[in-house]
Structure formats: C-alpha cells, structure tokens
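Trainee: Please take one open site in this model and look at it closely. Then follow its surroundings into the rest of the fold.

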Amino acid sequence: MTDKTAIITGANTGLGFETARALLASDPAWHVVLAVRDAARGDDAVARLGHPGRVTVSALDLASLASVRDFADRLPTLDVPPVKAVVCNAGLQLVAGSQTTADGYEMTFGVNHLGHFALVRQLREHLTTPARIVVVSSGTHDPDKFTGMPAPRYTSAEALLRPPPGGLTGEEGRRRYTTSKLCNVLFCHELDRRLEQGARGVTVNAFDPGLMPGSGLARDYSRAQRLAWRLLMPALRLLPNVNSTQRSGAHLAKLVTDPALDGVTGAYFEGRRQIRSSHDSYDMAKAADLWQVSERLVSAVR
C-alpha cells in the first residue's frame with residue numbers, strides 16, 4: 001500500500017529513470033510521479049519500471065512556465081498519496097544556436113534553473129511534512145575541480161536570460177551549462193535559508209551524480225563529438241566520480257529515503273559523500289540576486 005509520493009523531473013530516461021527504479025525497489029510505500037515533457041515516453045517508462053500501480057505520468061515542460069503552473073494545478077487531481085519528496089533532476093546542455101524557452105529565456109538557464117525554481121515554488125503548498133527536496137547539480141559548477149569543462153561565470157541572473165549575440169559556441173554553451181549548475185546550488189542554499197534550515201519540516205540538498213557516460217547530456221554535440229564521446233566512455237569509467245546512471249540513481253534515491261539523513265539540509269552530496277560545494281555557491285549576494293530575478297520572472301506568469 002503506497003502512502004507517500006516522490007515527484008521526479010525528467011524521469012523517463014537516464015538518471016531520473018534510474019532514481020525512480022531505485023525508489024520503487026527501496027520501499028513498497030513509495031509512489032512515483034514521472035514529471036516528463038513527453039507523456040508517451042513517460043508511459044513507456046512506466047512499462048519498463050514494472051510497477052504500473054505505483055507510477056503516475058504527468059506532463060511537465062520545464063521550458064514553459066505555464067506548463068509548470070499547469071502541472072502543479074493538476075497535481076491534486078492525480079489521486080496520488082501525499083507528496084513527500086521532489087527531485088529536480090531534468091537538465092540539458094546546448095552547444096550551438098540561440099534556443100529560448102516559451103517565455104523567451106535562454107534554454108539552458110530556463111530549463112536547468114528557472115523551470116525548477118518555478119516548480120518548487122508551485123509545489124511547496126502541496127508538500128506534506130516532513131518532506132525532502134533534492135536538486136541535481138554537477139561537479140562542473142566548481143572551478144576548483146578538474147572536469148574538463150569551462151568554469152562557470154555568474155555576474156548576475158539578468159546576464160543569463162538571453163543567448164549571447166550570434167548564438168552559443170561550444171565553449172560558451174558548456175559554460176552556460178556549468179553556470180546553470182552553479183545556479184542549482186545557489187538556489188538550494190537560498191531555499192534552505194528561506195525554509196529556516198529545516199525548521200518548517202522541509203529539507204533541501206544538492207546532489208552531484210558525477211560524470212555519467214550515456215546520460216544523454218552530449219546529445220546536442222556534433223556527430224564527430226558524439227563519436228569521440230562514445231569512444232572515450234570505457235576509459236572515462238576508470239576516473240574518480242564517474243558512474244553509471246544506475247549507480248548514481250541509487251545514490252540519488254538514498255537522499256530521498258535514507259533515515260540517517262533526517263534533518264540534514266543545506267548540504268551538497270557527491271554521490272553518497274557529503275562535501276562542500278564551490279566557494280561561489282555560498283555567496284549570499286549571488287543567491288539573493290538569483291532568487292529575486294527568478295521570483296520576478298515566475299510571478300509575471302499568470
């Protein structure tokens with residue numbers, strides 16, 4: 001008998017799917033809502049998960065603030081158990097072009113940060129405490145770590161709202177990605193402060209799944225780059241913090257379920273290990289700027 005629900009964004013494939021699988025296997029009391037852009041792919045994921053009575057699909061396009069609002073409005077009609085966890089997992093990386101969201105914001109920032117900001121804002125009233133929010137970030141947000149990615153560049157949230165003139169290059173696209181991952185941690189820390197560091201019954205933590213060959217983040221790369229990525233996969237698995245999606249999904253599910261983490265909040269996890277996030281992620285001025293701009297953009301949608 002299910003009595004608690006976890007909402008997972010981007011859960012029809014990759015890390016989100018494996019997190020759903022691990023949650024369902026961990027405890028028969030869990031029900032999972034797959035918050036996915038393509039409902040048909042969500043239905044396929046339900047079949048692959050093998051627990052049709054414990055999984056619900058609901059459409060969510062993080063590139064549309066109206067879609068986020070509709071998802072939250074629809075939630076009470078889904079007939080699912082009380083919501084005890086939200087996993088902000090979905091993400092993308094673009095390396096070319098000038099793609100924007102339905103609301104006109106640069107796609108990387110819009111999906112990786114702003115859509116999730118809006119989702120959590122809309123869902124807070126639907127959470128049954130004690131509850132957990134987990135935001136998936138990346139070690140690439142920390143320039144002190146060698147990841148092969150450009151260091152994030154956060155000057156202001158306003159500077160991230162539009163694609164650069166002439167569109168993204170590979171370098172700038174990857175930098176926009178690492179900056180969005182810094183935004184994820186800034187958001188996590190600021191949300192935790194605003195929820196009084198667990199005093200309201202909701203914990204908020206960030207998660208680095210590590211490098212996951214086969215996760216799909218390289219899908220926007222050129223054909224030659226994707227080929228090189230596939231050829232490098234076997235060697236990459238020998239490096240530290242390189243994981244399969246199955247392993248990282250199990251780690252992420254533990255952040256939702258582990259009783260040892262009751263009351264742990266405002267933390268950053270590299271897999272199962274709690275570590276400090278980057279120096280900039282603790283910058284309260286940056287976090288306040290990101291929150292204020294995000295709140296203004298989301299509040300403008302009716």
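Mentor: The lining of the second largest pocket is mixed: seven nonpolar residues, six polar and five charged. Here Ala, Val, Leu, Ile, Met, Phe, Trp, Tyr, Cys and Pro are nonpolar, Asp, Glu, Lys and Arg are charged, and the others, Gly among them, are polar. This is a predicted model, so local features need pLDDT of at least 70, side-chain atom pairs count only at pLDDT 80 or more, and totals for chains, interfaces and linings use all residues. Residues are numbered from 1 along each chain as its sequence is written, and side-chain values use heavy atoms, with hydrogens and water left out.

Now the pocket itself. It holds about 280 Å³ of space. On a 1 Å grid over the protein atoms alone, a pocket is an open set of points with protein on both sides within 12 Å along at least five of seven lines; a cavity is a set where a 1.4 Å probe fits but cannot get out; lining residues have an atom within 4 Å of a point. Points join across faces, edges and corners, and the volume is the space filled by probe spheres set on them.

The lining of this pocket has 18 residues. Nearest the pocket centre are K84, P130, R132, V256 and D262. Four elements give at least two lining residues each: β4 (83–88), β5 (127–136), β6 (202–208) and α7 (245–257). Strand β5 gives the most, with three. These elements are DSSP runs numbered from the N terminus: helices are H or I with at least four residues, strands E with at least two.

Look at P130 again. It sits in strand β5. The peptide bond between T129 and P130 is cis, with omega about 0°. Most peptide bonds are trans, and most residues other than glycine have a negative phi. Two residues go against the phi trend. D79, in the loop between α3 and β4, has phi near 55°. D79 is exposed, at 72% relative accessible area. E196 has phi near 60° and lies in the loop between α5 and β6. E196 is partly exposed, at 45%. With a 1.4 Å probe and protein chains only, buried means under 20% relative accessible area, exposed over 50%, partly exposed in between.

Next, D192, in helix α5. D192 counts as buried, because its relative accessibility is 5%. Beyond residues up to four places away in sequence, D192 touches Q197, G198, V204, T265 and G266. Contact means heavy atoms within 4.5 Å. D192 and N205 are 13 residues apart along the chain, with 8.1 Å between their C-alpha atoms.

V256, back at the pocket centre, leads inward. V256 belongs to a separate core of 29 residues that also includes I8, V32 and L255. A nonpolar core is a set of buried Ala, Val, Leu, Ile, Met, Phe, Trp, Tyr and Cys residues joined through side-chain atoms within 4.5 Å.

The largest nonpolar core has 57 residues, and I7, F71, L123, I133, Y154 and L191 touch the most other members. At least two residues of this core come from each of β2 (30–36), α3 (65–74), β4, α4 (107–123), β5, α5 (170–194), β6 and α8 (284–299). Helix α4 gives the most, with nine. Take I7. Beyond its neighbours within four places in sequence, I7 is in contact with V33, A35, F71, L75, V83, A85, V86, V87 and L123.

Helix α8 buries K286, A287, L290, W291, V293, S294, L297 and V298. Their cover includes α3, α4 and α5. W291 also helps line the largest cavity, along with F117, V120, R121, R124, F187 and L191. That cavity holds about 30 Å³. There is one cavity of 30 Å³ or more. Its lining has five nonpolar residues, no polar ones and two charged. Helices α4 and α5 each supply at least two of these residues, and α4 gives the most, with three.

Finish with helix α1 (residues 14–26). Ten of its 13 residues are buried, among them G14, F17, E18 and L24. The buried residues of α1 pack against β1 (4–9), β2, α2 (39–49), β3 (55–59), β5 and α7. Two of those, β5 and α7, each give at least two residues to the pocket lining where we began.

Terms used. Expected span 1.5 Å × (residues − 1).
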